[in-house]
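Dear colleague,

I am passing on the structure below, together with some notes on what turned up when I went through it. Please read them with the model open beside you.

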Amino acid sequence: MKQNLTITIPDDLSQELQEISKAEAKPVSDLVRESIQEYITIYRFRQIRSKVIPFAQSQGIITDEDVFKIIS
């Protein structure tokens, strides 16, 4: 199902979107849709991360190097 969404943005943001739209040869709606999807992905990742960090720390996994040691 698709849903239309109407938003109000400042003129300067609209201008930036228009410029990027032209440079990327993509409609503004595609740029906005991609931006919202990226925001949702990052939001969900942060939620999962905040739940996993305490468990990882309790197991002594603190740094990226600790993770690499485990998966290597």
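In this model, which is a predicted one, the residue I would look at before the others is Asp66, which is buried and yet has no salt bridge. The nearest side chain of opposite charge belongs to Lys69, and it lies 4.4 Å away, whereas a salt bridge is counted only when a side-chain nitrogen of Lys or Arg is within 4 Å of a carboxyl oxygen of Asp or Glu. Asp66 is part of helix H3, which covers residues 64–71, and its side chain does reach a polar partner, namely the backbone nitrogen of Thr63, at 2.9 Å. Once residues up to four places away in sequence are set aside, Asp66 touches Gly60 and Ile61.

Helix H3 also holds Asp64, and this residue counts as exposed because its relative accessibility is 54%, the cut-off for that class being over 50%. Between the C-alpha atoms of Asp64 and Ser29 there are 37 Å in space, for a separation of 35 residues in sequence.

As for charge pairs elsewhere, the search of the whole structure gave 2 salt bridges. One of them joins Asp30 to Arg33, with the closest N and O atoms 2.6 Å apart; both residues belong to helix H2 and are 3 residues apart, which is about one turn of the helix. Asp30 is classed as partly exposed because its relative accessibility is 25%. Another salt bridge links Glu34 with Lys26, where the closest N and O atoms are 3.0 Å apart. Glu34 is partly exposed, since its relative accessibility is 40%, and Lys26 is likewise placed in the partly exposed class because its relative accessible area is 25%.

The remaining point concerns the surface, where a nonpolar patch is formed by Leu5, Ile7, Ile9, Leu13, Ile36, Tyr39, Ile40 and Tyr43, which together have about 790 Å² of accessible area. Helix H2, spanning residues 28–58, gives the most to this patch, with 4 residues. Ile40, which is found in helix H2, counts as partly exposed because its relative accessibility is 31%, and that value satisfies the patch requirement of over 30% relative accessible area.

With best regards

How values were computed
Residues numbered from 1 in each chain as written. Predicted model: local features only at pLDDT ≥ 70, side-chain atom pairs only at ≥ 80, totals over all residues. Heavy atoms only, no water. Patch = residues over 30% accessible without salt bridge, like charges linked within 9 Å, V, L, I, M, F, W, Y side chains within 5 Å. Areas by Shrake-Rupley, 256 points an atom, 1.4 Å probe, with all protein chains shown as cover. Helix = DSSP H or I, 4+ residues; strand = E, 2+ residues; numbered from the N terminus. Buried < 20%, exposed > 50% of the residue type's maximum accessible area, 1.4 Å probe, protein only. Lys, Arg positive; Asp, Glu negative; His and termini not counted. Polar contact = N/O pair within 3.5 Å; in protein donor to acceptor, adjacent residues only side chain to side chain. Contact = heavy atoms within 4.5 Å.
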